[in-house]
Amino acid sequence: MGITEERVVAVIMVGGPTKGTRFRPLSFNVPKPLFPLAGQPMVHHPISACRKIPNLARIYLIGFYEEREFALYVSSISNELKLPVRYLKEDKPHGSAGGLYNFKDLIMEEDPSHIFLLNCDVCCSFPLPQMLDAHKKHGGMGTILVVKVSPESASEFGELVADPVTHELLHYTERPETFVSDLINCGVYIFTPDIFTAIEGVSSQWKDRANLRRVSSFEAMVPDTRNHTANYVRLDQDILSPLAGKKQLYIHETLDFWEQIKTPGMSIRCSALYLSQFRHTAPHLLANGDGIKKAYISGDVYIHPSAKVNPSAKIGPGVSISANARIGAGARLINCIVLDDVEIKENAVVLHAIVGWKSSIGRWARVQGRGDYNAKLGVTILGESVAVEDEVVVINSIVLPNKTLNVGVQDEIIL
């Protein structure tokens, strides 16, 4: 196969403000894909993984956010990687497969032999070169990254059955009501350009059906109905399920970590997972200290170079501290994300919490959650510019921006 045939393109779906309301109040300040995990924007982790793909020509980000919200990051990461990264804004929802097809002409400009498709709200080690090797060995149109989970949690995702020898996808169902399999779809794929033919086929079926059936008087008053249906194609239900068992789709199982970042609490969990990964992939990003000249560091911790941390503070494990933060003497931080320009004063404790931009936590105050990262009030979240005064305790609560807390709160949402 010639070099021109080996070009690869990566597409990362970043979603947009039409969804992701569960990520509030953090998404008030930045688009969810740019929220920092382990000191890097969420989308930075899959982009960094794409760097390891052989013959990668270009990375596209597809979403509903305004282009200006991604302009600075896209420019920065393109310069850093010496690789073109481009943001493409969808005009309306087209579905997970329809959104890909909507930019078919741009994606195919590089004449790629393979197209990686990743979801931004997935946290894993992204074994992309291994997926490419497996895909070439299996053949077919696509390969899906899968992971084994507990039978109790499998129903929250797309469950699948595959041939244990050939790894062919035999059956796929999205969030079944009864247990099918403990293998689930990770939301990471590699396809040949034939994926566009498959999407076009589904779209054509929708159009044909819409043209054949009689339109009711109510539908006639809503001109968008048929066009929206024809162009809206879901990857899971409309592509994966029908093609299962037809020697077109295969699986590649990861034995490494995998999580889906749906709630703010999961960002704490996923930040810690990426910090743990840094131990093997980027140890220079991890802080160290023994409590003498630098703060005592326990486990995996990221501290931005501009942050000021008192040597008597104890930090970690699973802590990420962003730019210009100030951590006072005797402070104790465990499993938390501290954002830009935060001040945590002497002897304060922060545990299972996210401290929003420009917030402050007073002396001997305590801000903590119980560590249930999927629960609505399983962690404590302080929005931007929240002030927790001295000796105040905040437990399992969400505090919206620009509030001052001078009394303790527990299991509350402070509007």
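**Figure 1. F116 and its neighbours in the largest nonpolar core.** In this predicted model, F116 touches V8, V9, A10, V11, I53, L128, M131, L132, Y189 and I190, leaving aside residues up to four places away in sequence. A contact here means heavy atoms within 4.5 Å. F116 belongs to the largest nonpolar core, a set of 70 residues, and is listed with I59, L61 and L128 as touching the most other members. Such a core is built from buried Ala, Val, Leu, Ile, Met, Phe, Trp, Tyr and Cys residues joined through side-chain atoms within 4.5 Å. Buried means under 20% relative accessible area, exposed over 50%, and partly exposed in between, with a 1.4 Å probe and protein chains only. Helix α11 (residues 264-281) gives the most to this core, with seven residues. Another core, of 35 residues, lies apart from it and includes V146, F191, I199 and A244.

A quick note on conventions: residues are numbered from 1 along each chain as its sequence is written, and side-chain values use heavy atoms, with hydrogens and water left out. As the model is predicted, local features need pLDDT of at least 70 and side-chain atom pairs count only at pLDDT 80 or more, while totals for chains, interfaces and linings use all residues.

**Figure 2. S271 in helix α11, and H45 in helix α1.** S271 lies in helix α11 and is buried, with a relative accessible area of 1%. Beyond residues up to four places away in sequence, S271 touches L37, A38, S320 and I337. H45 sits in helix α1 (residues 44-50) and counts as buried at 8% relative accessibility. With the same sequence neighbours left out, H45 touches L37, A38, Q40, F126, Y274 and F278. L37 and A38 thus appear in the contact lists of both S271 and H45. From H45 to F191, the C-alpha to C-alpha distance is 21 Å, with their positions 146 residues apart in sequence.

**Figure 3. Helix α10 and the glycine after it.** Helices (H or I, at least four residues) and strands (E, at least two) are DSSP runs, numbered from the N terminus. Which residues of helix α10 (residues 235-243) are buried? They are L235, D236, D238, I239, L240 and L243. An α-helix has 3.6 residues a turn, so residues three or four places apart point the same way. G245 follows α10 and has a positive phi, near 80°.

**Figure 4. Three loops with backbone features to look at.** Most residues other than glycine have a negative phi, and most peptide bonds are trans. G316 and P317 are joined by a cis peptide bond, with omega about 5°; P317 is in the loop between β17 (314-315) and β18 (319-321). D341 is not a glycine, yet its phi is positive, about 65°. The loop that holds D341 runs between β20 (332-338) and β21 (343-344), and D341 counts as partly exposed at 30% relative accessibility. N396, also not a glycine, has a positive phi of about 45°. N396 lies in the loop between β27 (393-395) and β28 (398-399). Is N396 buried or exposed? At 7% relative accessibility, N396 counts as buried.
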